[in-house]
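Work through the exercises below with the structure open. Each task is followed by a stepwise solution.

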Amino acid sequence: MAQKQKISHELLRRMKHIRLVEETIAERYSEGKMRCPTHLCTGQEAVSAAVGLALRPDDFAVSSHRAHGHYLGKGGDVNAMMAEIYGKATGCSAGKGGSMHLIDESVGFMGSTAIVGGTVPVGVGLGLSIQLHGTTQVSCVFLGDGAVEEGVFFESMNFAVLRKLPVLFICENNFYSVYSPLSVRQPKGRAIYKMVEAMGCPAEKGDGNDVEAVYKKVLKTAGQIRRGKGPYFLEFDTYRWREHCGPNFDNDLGYRTNQEYLKWKKRDPILLFEKKSLGRKDVSRQDIAKMETDIKQAVDMAFAFAENSPFPSVDELGKDVYTK
Amino acid sequence: MTERKLTFSGAVNEALHQAMQQDRNVICYGLGVDDPKGVFGTTLGLKEKFGPKRVFDMPTSENAMTGIAIGASLNGIRPVMTHQRLDFFLLAMDQLVNNAAKWRYMFGGKRSIPITIRLILGRGWGQGPTHSQNLQAWFAHIPGLKVVMPTTAADAKGLLLSSIFDPDPVVFLEHRWLHNLIGDVPQGDARVPFGKAQLLNKGNDVTIVSFSYMTIEALHTMELLKKNGVNCDLIDLRTICPLDWESVFTSVKKTGRLLVLDTSNETCSVAGEIVARVSMELFGALKSAPVRMALPDFPSPTSPALSKAFYQGAEDIVKAVAGMLGKKISIDDLKKQHTSPHDVPGDWFKGPF
């Protein structure tokens, strides 16, 4: 396979993998075995897959509450993630973190946390450490449109620009913070990336459902950052299909319209790219069938691993508060 | 190890120099760390010696700069942050409480956060409601944080070295009124372990548990109390978390009487916690009700006319001890010794803060 085809294949595979994990969680959530708040990213897979593939395994990434895609896209272990959501000892955070606290340092995924904007300075601090150590890594901060309203975002961005830190900000703008639309949170006509640009950080906006465009943009930007050009901010519009937190669709609640949802569903990043890749003969129907079978098997295995893993013993309750 | 006389702030400065010399991953930043005053002298010479990459002034962004310390620590850096006033650090409680304190636990022990946060707190000189808060109880309430409150110059150095090389997040609280205190300080890497209190005076009558500046006030009372036939165990805790319960319990078992001194407001104070724990564990050993001496539950007032009634000192300690023993002890001698006004650590102190 040529390099370009390999990339198409891998982008498609990562997106489908994330989608199946999320949809299986949604399907099985009502069993009551995944007993933690769970924020699914169905519909937003393109950014996760593209950024994860464009970055090097030794690049760092941090994220927030809706992190399954970012973790899996970066190459995080799906078994450890599912076990974590099931609250098992084999989970990536030993059952103490749940869906909102994912970590797989072996692939540079340094942690996701639940407070909006909470890992933005952590990612910038990783950038500072890269600069101090003099390596060519990039620190990637995943954030949403809500996080840019937090004071800590402005503070962190200011420092990243001031010190020309190797930080790539990836802002997924899905237009809603829980049920609150952008219109009640940010002034009309002020684009997020324009505001960031005014703070001195080069910034661009792109289509977050076009996985290939995201991949190319991130690859180029990460290269510039590695060459010491300082931080970069990329804003991608995208849309979560399901409710803010949980397995259901909630368009009936009235905070957004079904029409809007259907419009975005038509722009399903996976279908769009599958069509494109087939048309270009980057992948064949057989490739896709094989890919889907492999993914299904891996996801089934991850859920089985999670279900069959032991719960942490009660002795673990007071452990790891301190190192010593 | 040889000892020399150093001020508390000189001892802090020496600890920073030694830590940065020993480990190139130690960095030091905070508002004004490289200014001509060097944060009451504590950071003088660091930038000149270790360079601007490792020692730097920062934007007034307490919360992000704390998160940045956390992030840097995930990749091998050991940041020491400095804040000239604890009160400003309240803007960073999110990063401290939600991230630094929880990181190890919430990621199943994958990673610790070895950061040190130096916070300066104080009393007097009209610093008032938002420049003199002593919030050790807030920090001690959060599992995952270690809380250090040195009193002596030697401990300032030894505990700061231990803080910097500790694997967990440490809140290091320096009382402004201790900065000019002079004491014997050992040379070299004289780390003082956490959770080991220091017995500064021995006696069988009352156990006084104290920390930070209030220990100095208590030391002033020892001679007068002794003259009046009262001998106290004076336990300086050094660290609030971990707390050396063993030393406290051992002493109270012996004396049957407990007075706890605190530099902060009374309700939900560290002193309150110690009284509660001793009452629960050693109820049968107590000869009189335990006493906590802390600030009244008001914000700190600015006017010297008001702060005089707000802050407590050696004279109040003598009264409290005498009260517990049902004795009358004259405080006239203490009053005579205390020649400087109540709102400064000594006549040498001329402000501005």
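**Exercise 1. Which side chains meet Asp320(A) and Arg104(B) across the chains, and in what kind of contact?**

Solution.
Step 1. In this predicted model, the side chains of Asp320(A) and Arg104(B) pair with each other in a salt bridge.
Step 2. The N to O distance is 3.0 Å. The cut-off is 4 Å, so the pair counts.
Step 3. Now take the total: the interface of chain A and chain B holds two salt bridges.
Step 4. Add the polar contacts. There are 18 such residue pairs across the interface of chain A and chain B, both residues at pLDDT 80 or more.

**Exercise 2. Which elements of chain A supply the side that touches chain B, and which gives the largest share?**

Solution.
Step 1. List the elements with at least two residues each: β2 (109–112), α5 (120–133) and α6 (151–162) of chain A.
Step 2. Rank them. α5(A) gives the largest share, eleven residues.
Step 3. Sort this side of chain A by class: 20 residues are nonpolar, 14 polar and eight charged.

**Exercise 3. How many residues does each chain bring to the contact, and what area is buried between chain A and chain B?**

Solution.
Step 1. Count residues: chain A brings 42 and chain B brings 42.
Step 2. Recall the usual yardstick: interface size is often given as the accessible area lost when the parts come together.
Step 3. Apply it. Chain A and chain B bury about 3400 Å² between them.
Step 4. Split by atom type. Carbon and sulfur atoms give 62% of that area.

**Exercise 4. Describe how the two domains of chain B meet.**

Solution.
Step 1. Set the bounds. The domain assignment places domain 1 of chain B at 3–186 and domain 2 at 198–337.
Step 2. Locate the centres. Over C-alpha atoms, they are 27 Å apart.
Step 3. Count the contact: 24 residues come from domain 1 of chain B and 26 residues from domain 2 of chain B.
Step 4. Take the area. The two domains of chain B bury about 2000 Å², with 58% on carbon and sulfur atoms.
Step 5. Find the main contributors. Arg123(B), Met149(B) and Thr151(B) supply 28% of the area that domain 1 buries against domain 2, more than any other three residues.

**Exercise 5. Which side chains form the salt bridge between the domains of chain B?**

Solution.
Step 1. The count between domain 1 and domain 2 of chain B is one salt bridge.
Step 2. Identify a pair: Arg238(B) and Asp155(B) meet at 2.8 Å, N to O. Asp155(B) falls in domain 1 (3–186) and Arg238(B) in domain 2 (198–337).
Step 3. Add twelve residue pairs in polar contact between these domains, both residues at pLDDT 80 or more.
Step 4. On the domain 1 side, α7 (136–140), β6 (146–148) and α8 (153–164) of chain B each supply at least two residues.
Step 5. By class, that side has twelve nonpolar, nine polar and three charged residues.

Key. Residues are numbered from 1 along each chain as its sequence is written. Chains are lettered from A and ligands numbered from 1 in the order in which they are written. This is a predicted model: local features need pLDDT of at least 70, side-chain atom pairs count only at pLDDT 80 or more; totals for chains, interfaces and linings use all residues. Side-chain values use heavy atoms; hydrogens and water are left out. Domain bounds come from an automatic or database domain assignment. Contact means heavy atoms within 4.5 Å. Buried area is the accessible area (1.4 Å probe) that two parts lose on being put together, summed over both. A polar contact is a pair of N or O atoms within 3.5 Å; within protein, one must be able to donate a hydrogen and the other to accept it, and residues adjacent in sequence count only if both atoms are side-chain atoms. Helices (H or I, at least four residues) and strands (E, at least two) are DSSP runs, numbered from the N terminus. Ala, Val, Leu, Ile, Met, Phe, Trp, Tyr, Cys and Pro count as nonpolar, Asp, Glu, Lys and Arg as charged, and the others, Gly among them, as polar.
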